[in-house]
2 protein chains.
Amino acid sequence: MPRPATPARTPGRPRAGVDAAVFAATLRTVHEVGYAHATVDRIAAAAGIAKTTVYRRWPTKGALITACLVDAFGPVPLDGADREEILSAAIRWIAAKIGEPGIGAAFAGVFTDAVNDPALRQVLSTQLQDPYRLALQDTLGEPEQRVLFLIDVVVGTLLHRMGMTGEPMVDADVDALVAMVLRH
Amino acid sequence: MPRPATPARTPGRPRAGVDAAVFAATLRTVHEVGYAHATVDRIAAAAGIAKTTVYRRWPTKGALITACLVDAFGPVPLDGADREEILSAAIRWIAAKIGEPGIGAAFAGVFTDAVNDPALRQVLSTQLQDPYRLALQDTLGEPEQRVLFLIDVVVGTLLHRMGMTGEPMVDADVDALVAMVLRH
DNA sequence: CGAGTTATGCTACTTCTAGTATCGATACTT
DNA sequence: AAGTATCGATACTAGAAGTAGCATAACTCG
């Protein structure tokens, strides 16, 4: 007799399925009060759970934000006939994502936190950047160093605009960014 | 009888000339312990003055860091025969500055703080970015929007590299950045 | 149904940091 | 000598990250 698809549950109270609710609450809170005031207390309250429950799942605030971003971004679409189409679509995709409410601010915030926190930097690099880097290396057939440079240019530019103006980059400038990167 | 070159001093104890010492202590502290642990207490101690004296001169930590960066960067060199030479020199100059000990980390740190602090964002934009933007507009004869885009690309890329790796961008990649921007 | 196990909510706590308040001492001008 | 503005030092408030402890809820297994 075949075992059921779901493996035998371990004993004890099961985890509440609140990850999605916490991620949504995180982005909503960051969008409403800004990264600096989006405290774990506030995020937990917005998600309707206790702060301690948040810390039982994510060890630090930075890890929570990173996980939220990984969830929010999802896989990069790598469609297109040639390098131009693929890169153009990928750049417009990340620009649109960073423009979504809360995402850009959360990204910039956790990025800033990471600058002086090697542990968080590693989390961010491993969990958020590496999957996209590897997918791009595979699809474009280009070496790691070159892909890392591309990511620096695209993401750095978009985040700098968010940081200096508080607003996502307008379409016309995203077009210019695409053109600049493609002609490289 | 002509008045002396120095205008009549106001009564009261004159301010101690410690700005330079505070700036040096700021960069040194950020370099040694990182932006996150470079507290105002620590910076003041490193400069040999009281924390309260720091707050009498700069209203917030962000303002202190910004003033320190303005002092550290100084005016952008805009030498060169044509647009290529001017831009190339300017990009290499800012890349070298961001690579100096403490400067890149301080820049990234205050930049990150600014993302969700509109007041600091204004200070950063007005005191740090605008002088360079205006000088570039004058020298290059290009509109504000285009120069802002250039700054986003160059500074954003350099800071993203600092933030993700903790290290300044290597020369080979700075060369690639110059080439990419110039061909635009 | 009862025992064992694990997750949750809640409250309280520690630690750290930005920024403020106060006050006596100091350095200058008139 | 009187007046004024700054400095150093101490103490303080407020806010946020992260932790500890405990009662309670939800589930599995016998």
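Here is a quick look at how the protein meets the two DNA strands in this predicted model.

Start with DNA strand C. It has 26 residues around it, and those that come nearest are G12(A), T53(A), R56(A), R57(A) and K61(B). Sugar and phosphate make up 59% of the strand C atoms that come within 4 Å of the protein. By residue type, the surface near strand C splits into nine nonpolar, eight polar and nine charged.

Over on DNA strand D, 25 residues surround the strand, and the closest are K51(A), G12(B), T53(B), R56(B) and R57(B). Of the strand D atoms within 4 Å of the protein, 61% are sugar or phosphate, with bases supplying the rest. The surface here comes out as eight nonpolar, eight polar and nine charged residues.

Now for the individual polar contacts, listed by residue:

| Protein side | DNA side | Distance |
|---|---|---|
| T52(A), side-chain N or O | base nitrogen, strand C | 3.0 Å |
| R56(A), polar side-chain atom | base oxygen, strand C | 2.8 Å |
| R13(B), polar side-chain atom | base oxygen, strand C | 3.3 Å |
| G12(A), backbone N or O | base oxygen, strand D | 3.5 Å |
| V40(A), polar backbone atom | phosphate oxygen, strand D | 3.3 Å |
| G12(B), polar backbone atom | base oxygen, strand D | 3.3 Å |

Which elements give two or more residues to the surface near strand D? They are α3 of chain A and α3 of chain B. For strand C, the elements giving two or more residues are α3 (51-57) of chain A and α3 (51-57) of chain B.

Conventions. Residues numbered from 1 in each chain as written. Chains lettered and ligands numbered in written order. Predicted model: local features only at pLDDT ≥ 70, side-chain atom pairs only at ≥ 80, totals over all residues. Heavy atoms only, no water. Near = heavy atom within 4 Å. Polar contact = N/O pair within 3.5 Å; in protein donor to acceptor, adjacent residues only side chain to side chain. Helix = DSSP H or I, 4+ residues; strand = E, 2+ residues; numbered from the N terminus. Nonpolar A, V, L, I, M, F, W, Y, C, P; charged D, E, K, R; others polar.
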